[in-house]
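This report describes one protein chain, with attention to its surface, its aromatic side chains, its charged pairs and its overall build. The sequence and structure are shown first.

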Amino acid sequence: SESISIDVVVENSLLGTAPVTFSTRVVYRGILLGALKRLMDSNANFKFTYTEDPNYGPYLESVNGVAGSDKDRTYWELLVRTPYGKIIRPDVG
């Protein structure tokens, strides 16, 4: 089936390092989880962990060793650049 190229940009403000861009593919109308798994399998510099909620689906826990934590005030935010260049927060759970 048809696939679409996407870039995943990881920015770690805790380390103050420059954002790193990883390229991968997602099948048309596929979910981001598949693209992230494909990326992790093909690039040793990208790692992520997640859990599967029976009601809400996959939940991202960590990226490249940094976990979301209220105590540590760390979090992950999913942003999307539209074909017109605008950055949006997608309506995902």
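## Surface, aromatic residues and fold

Leu-32, Leu-78, Val-80 and Ile-88 together make a nonpolar surface patch of about 270 Å². The model on which this description rests is predicted. Within the patch, Ile-88 belongs to strand E7, which spans residues 87–88. Ile-88 counts as partly exposed because its relative accessibility is 32%.

The structure also holds three aromatic pairs. One of them joins Phe-46 and Phe-48 in a tilted arrangement, with 6.1 Å from centre to centre and 35° between the planes. The angle is classed as tilted because stacked planes are under 30 degrees apart and edge-to-face planes over 60. Both Phe-46 and Phe-48 are buried. These two residues belong, with Phe-22 and Tyr-50, to one aromatic cluster.

Charged side chains provide two salt bridges. The table lists the partners and the distance between their closest N and O atoms.

| Basic residue | Acidic residue | Closest N and O atoms |
|---|---|---|
| Lys-71 | Asp-72 | 3.8 Å |
| Arg-89 | Glu-77 | 2.5 Å |

Arg-89 lies in the segment after E7, whereas Glu-77 lies in the loop between strand E5 (66–67) and strand E6 (80–81), so this salt bridge ties together parts that are twelve residues apart in sequence. Arg-89 is exposed, since its relative accessible area is 64%. Glu-77, with a relative accessible area of 38%, is partly exposed. In the other salt bridge, Lys-71 counts as exposed because its relative accessibility reaches 74%.

Turning to the whole chain, the secondary structure consists of one helix and seven strands. Along the sequence, these elements follow the pattern β-β-α-β-β-β-β-β. The C-alpha atoms fill a box of roughly 40 × 35 × 30 Å along the principal axes. The radius of gyration is 14 Å, which agrees with the value near 12 Å for a compact globule of 93 residues.

Of the 93 residues in the protein, 20% are buried. The accessible surface comes to about 7600 Å², and carbon and sulfur atoms account for 52% of that area. Among contacts with a separation of 6 or more, 20% are between residues 24 or more positions apart.

Conventions: Residues numbered from 1 in each chain as written. Predicted model: local features only at pLDDT ≥ 70, side-chain atom pairs only at ≥ 80, totals over all residues. Heavy atoms only, no water. Patch = residues over 30% accessible without salt bridge, like charges linked within 9 Å, V, L, I, M, F, W, Y side chains within 5 Å. Areas by Shrake-Rupley, 256 points an atom, 1.4 Å probe, with all protein chains shown as cover. Salt bridge = Lys/Arg side-chain N within 4 Å of Asp/Glu carboxyl O. Helix = DSSP H or I, 4+ residues; strand = E, 2+ residues; numbered from the N terminus. Buried < 20%, exposed > 50% of the residue type's maximum accessible area, 1.4 Å probe, protein only. Phe/Tyr/Trp six-rings, centres within 6.5 Å; stacked < 30°, edge-to-face > 60°. Rg over C-alpha atoms; globule rule 2.2 N^0.38 Å. Contact = heavy atoms within 4.5 Å.
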